[in-house]
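Welcome, and please take a moment to turn the model around before reading on. The notes below walk through a sheet, the helices on it and a pocket.

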Amino acid sequence: MTLRHGNIEWYPYNGALLPNVPPHHNITLSKQEQQELLNKSGAYFLRWTDHFDIHEESSFWYVVKDKPESLESYKSKVRNQIKKGLNLCIVEPATAAEISEYGYFPYSKAVMNYPHNNEPIQESLFKHQYLALLNDKNHEFWIVKERESAMVIAYAHIILDGNMCSYSSIKFDPDYLHLYGGYALIFAMNTHYINERHFDYVSDGARSIAHSTNIQEFLIHKFQFRKAFCTLHLAYRKDIGYLIRLLYPFRHWLANVRHPMLRKLSTLLIQEELCRSHA
């Protein structure tokens, strides 16, 4: 359930409460406002950022691209990979209904290929989530089909927010990566949103806390995305804050423990370290 505070809507995510605003939107919260949000939501902690795209490096960032897309700007190897993807695959806008109908297979294959034995959600829930977005104009979708068979092998879910958009979810069937459909998809979306619709920037989201993400490294190294540094802020519920302060000295030891519950706790401690490093 979302919660509105002032002109900002906050939403729950894995025990946290996050603001539903684009990265460049600065947020200022007093101690009293932080406590009010925690009390009303029941969240374990709040997380927000400010000072988006500061010049000096920081421990937290968003992965963005704000330069026009151009095939000629890439090295020959990447150009050839994009061309191969466009030749072997069809990349086109899609509807939420199409993602609901054809997206589960690449989604489940992608999730099962993740480390740590991740399990995909049930197909019925997947379909319901996308059908719920049928009439939401702030959500757009793309699909990638193998040209020869017309089978859907990848999709992307885009969230529009003012004059920027987030590449919220991109899922590839790992068995078809050799077709370079991912290269074709990213190139097509960058061209559409930056060149044709003149968005200020596109973003693949914030730095991953728990582990590095292959997609963000791929976008930076292949597609000239960059790190837009910012400042991370956290505010804890009292009992969670006490637990974080108590265990913080042991964060490096806990990082090596493989128990699922302790892995989640370790992620919170890593997040706290990132926050303190720029305090």
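## A pair in the sheet

Let's start with a single pair of residues: Leu46 stands opposite Ala235, a residue of β11. This is a predicted model, so please read what follows in that light. The strands behind the pair are β4 (residues 45-50) and β11, which run antiparallel to each other and are joined over six bridges.

## The whole sheet

Stepping back, β4 and β11 belong to an open sheet of 11 strands with mixed pairing. Its order is β1-β2-β3-β4-β11-β5-β10-β9-β8-β7-β6. At the edges sit β1 (3-5) and β6 (89-94), each of which pairs on one side only. On average, and with direction ignored, neighbouring strands in this sheet are turned by 30 degrees against each other.

## Helices on the sheet

Two helices are worth following across the strands. Helix α1 packs on the sheet and touches β1, β2 (8-13), β3 (16-19), β4 and β11. The direction of α1 makes about 160 degrees with that of β1.

Helix α6 (residues 181-196) lies across another set of strands: β5 (60-65), β6, β7 (139-146), β8 (152-161), β9 (164-172) and β10 (201-206). Relative to β9, α6 runs at about 165 degrees.

## Where α6 meets α7

How do two packed helices get described? The angle between their axes and the distance between those axes do the job. For α6 and helix α7 (residues 214-223), the angle is about 70 degrees and the axes are 12 Å apart. Angles of 65 to 115 degrees count as roughly perpendicular, and α6 and α7 are therefore roughly perpendicular to each other.

Which residues of α6 and α7 meet? From α6 come Tyr183, Ile186, Phe187 and Asn190, and from α7 come Phe218, Leu219, Lys222 and Phe223. By type, the residues of this contact are six nonpolar, one polar and one charged.

## The second largest pocket

Now back to β11, this time as part of a pocket wall. The second largest pocket holds about 220 Å³ of space, and 15 residues line it. Nearest its centre lie Lys31, Gln34, Trp48, Leu234 and Ala235, so if you look for Ala235 here, recall that Ala235 is also the residue opposite Leu46.

Three elements give two or more residues to this lining: α1 (31-41), β11 (226-236) and α10 (260-277). The largest share, six residues, comes from β11. The lining as a whole divides into eight nonpolar, five polar and two charged residues.

Definitions and conventions
Residues numbered from 1 in each chain as written. Predicted model: local features only at pLDDT ≥ 70, side-chain atom pairs only at ≥ 80, totals over all residues. Heavy atoms only, no water. 1 Å grid on protein atoms, 1.4 Å probe; cavity = no way out; pocket = protein on both sides within 12 Å on 5 of 7 lines; lining within 4 Å. Points joined across faces, edges and corners; volume = space filled by probe spheres on them. Helix = DSSP H or I, 4+ residues; strand = E, 2+ residues; numbered from the N terminus. Nonpolar A, V, L, I, M, F, W, Y, C, P; charged D, E, K, R; others polar. Pairing = 2+ DSSP bridges. Axes fitted to C-alpha atoms, helices over the stretch in contact; angles between N-to-C directions. Contact = heavy atoms within 4.5 Å. Parallel < 35°, antiparallel > 145°, perpendicular 65-115°, else oblique.
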